[in-house]
Amino acid sequence: MNTALNNGFRKTGEPNISESPLHKRRVSRRIMVGNVPVGGGAPISVQSMTNTRTADIGATLQQIAELTAAGCDIVRVAVPKQEDADALSAIVRQSPIPVIADIHFSSKYVFQAIDAGCAAVRVNPGNIRKFDEVGPEICKAATDAGISLRIGVNAGSLDKELYAKYGGPTPEALVESALKEARMFEDVGFHDFKISVKHHDPVTMVETYRLLASKGDWPLHLGVTEAGPAWQGTIKSCLAFGALLAEGIGDTIRVSLSAPPVEEVKVGCKILEYLGLRERHFDIISCPSCGRAQVDVIELANAVTDGLKDVTAPIRVAVMGCIVNGPGEAREADLGVASGNGKGQIFIKGKVVETVPEDQIVETLLKYANEMAASMDQEGTPVVLPVTQI
């Protein structure tokens, strides 16, 4: 079992059950994606998708390794060509996390992905040729292999009849399409699937998932599709995921950014951390730039963040630029600095340990932070965050 998932931030007392500190989780049935549980109260997993040519096995495995190091739990690879399907068995065999094959149009790749040992397959019934005929065969093959499927729609693949009926990809249209697909599988006795109903607009996306969540107990894969460049897409994803996860809706997430896949994982993990749904790692608290600041807070915060970018220990570092909020905020952190008058007071657990000249603040903070991180890694210090009682 994935250790990060097995040690979910908030547990209910049952094995592999995670609860939100904000709202009771929606009751959903559980499926497995390899060794990662999805739904049924399992800790919410983070997914991403490689952007390499899947046929380039070395490059794809390298990117999967980078995603895993960033906190990714499940990875999806595109299978648009035969050469990509041929590469799946080698990728699956060497990947440290479960691999999902992303398949459109050609059903033969679905069967090849199952034979290759993929943990799951993402299929879009709306664009698989003759799906009414091959759907039952896909379900049987998945059942025999003991794997799950992901189905669902997004605004760009909505059935033409539903588009005309509702006048566009409205929440009602997307949910009706998803329910139609779900019935295709359930009618032949297959239930090991999760559903996604993505939209590029956060408000429409939230409304769609709320509606779908009210219709059944399927595990739900959250995503704002085509969210845009990193800055814009991060805001959209935070808004949409925050709204739904705070209501207990969602079992696995993928942040979709026009950015390197590792950035998607970083954003996804932080969303879960800040919602109390995943153990906290390194975090920096820094004050905004303002006329009171007696140091360049922007430069200072960026330098500290960059210097600690590889730290995974749950250290909270405060970088403050003046005496108004600085001392108090710095004392609340594990490690901090309150700057002013050309010097910085370094705090550890609320106590001043050193006062250094301004030009030594960064190196001093990094020294203490790395020492704390090394100690935590060695001692296996548990993460303890405040939890709001439900």
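**Entry 1: salt bridges**

I began with the charged side chains of this predicted model, and my count came to 17 salt bridges, taking as one any side-chain nitrogen of Lys or Arg within 4 Å of a carboxyl oxygen of Asp or Glu.

I looked up arginine 278 next, and found that arginine 278 forms a salt bridge with aspartate 73, with 2.5 Å between the closest N and O atoms. I then traced where the two partners sit: arginine 278 is in the loop between helix H10 (261-274) and S11, while aspartate 73 is in the loop between helix H2 (57-70) and strand S4 (74-78), so that this pair, 205 residues apart, links distant parts of the chain. Are arginine 278 and aspartate 73 buried or exposed? I noted that both of them are buried.

I turned to helix H10 itself, where the side chains of lysine 270 and glutamate 273 meet in a salt bridge, at 3.1 Å from N to O. Because these two residues are three apart in helix H10, lysine 270 and glutamate 273 are separated by about one helical turn. I wrote down their accessibility separately: lysine 270 has a relative accessible area of 25% and is therefore partly exposed, whereas glutamate 273, with 7%, is buried, because buried means under 20%.

I also checked aspartate 306 and lysine 309, whose side chains meet in a salt bridge at 4.0 Å, N to O. Aspartate 306 has 48% relative accessibility, so I put it down as partly exposed, while lysine 309, with a relative accessible area of 56%, is exposed because the cut-off for exposed is over 50%. Beside this pair I listed a network, in which salt bridges that share partners join Arg25, Arg26 and Asp251.

**Entry 2: strand S6 and its neighbours**

I moved on to strand S6 (residues 120-123) and asked which residues lie on each of its faces. I found Ala120 and Arg122 on one side and Val121 and Val123 on the other, and since all of these are buried, I recorded both faces as covered. I reminded myself that in a regular strand the side chains alternate between the two faces of the sheet.

Which strands are joined to S6 by bridges? I found that strand S5 (residues 99-103) is joined to S6 by four bridges and that the two run parallel; one detail I kept is that isoleucine 100 has alanine 120 in S6 as its bridge partner. Following the chain from S5 to S6, I passed through helix H4 (residues 107-115), and this β-α-β crossover is right-handed. I then looked at strand S7 (residues 148-154), which runs parallel to S6 and is joined to it by three bridges, and there I noted leucine 149 as the bridge partner of valine 121.

**Entry 3: helix H9 and the loop before it**

I looked for nonpolar surface and found a patch of about 390 Å², made by Trp231, Ile235 and Leu239. Tryptophan 231 is placed in helix H9 (residues 230-246), and I count tryptophan 231 as exposed because its relative accessibility is 70%. Glutamine 232 is also in helix H9, but with 36% relative accessibility glutamine 232 counts as partly exposed. I took one distance here: the C-alpha atoms of glutamine 232 and leucine 257 are separated by 8.6 Å, and the two residues are 25 apart along the chain.

In the loop between strand S9 (221-222) and H9 I stopped at glutamate 226, whose phi is near 50°, a positive value in a residue other than glycine. I made a note of this because most residues other than glycine have a negative phi. Glutamate 226 has 60% relative accessibility, so I marked this residue as exposed.

**Entry 4: a site from the record**

Which positions does UniProt give for the feature "binding site"? I copied Cys287, Cys290, Cys322 and Glu329 from the record, which is an unreviewed entry, and I kept in mind that such annotations may be inferred rather than shown by experiment.

I then located two of these residues in the model. Cysteine 290 lies in the loop between strand S11 (283-286) and helix H11 (297-307), and at 35% relative accessibility cysteine 290 counts as partly exposed. Cysteine 322 is in the loop between strand S12 (316-320) and helix H12 (326-332), and with a relative accessible area of 8% cysteine 322 is buried.

Methods. Residues are numbered from 1 along each chain as its sequence is written. This is a predicted model: local features need pLDDT of at least 70, side-chain atom pairs count only at pLDDT 80 or more; totals for chains, interfaces and linings use all residues. Side-chain values use heavy atoms; hydrogens and water are left out. Buried means under 20% relative accessible area, exposed over 50%, partly exposed in between (1.4 Å probe, protein chains only). Two strands pair if DSSP finds at least two bridges between them. A crossover is right-handed if, with the strands pointing away from the viewer, the path from the first strand over the helix to the second runs clockwise. Patches are made of residues with over 30% relative accessible area and no salt bridge: like charges are joined within 9 Å, nonpolar side chains (Val, Leu, Ile, Met, Phe, Trp, Tyr) within 5 Å. Accessible areas come from the Shrake-Rupley method with a 1.4 Å probe; for residues, only the protein chains shown count as cover.
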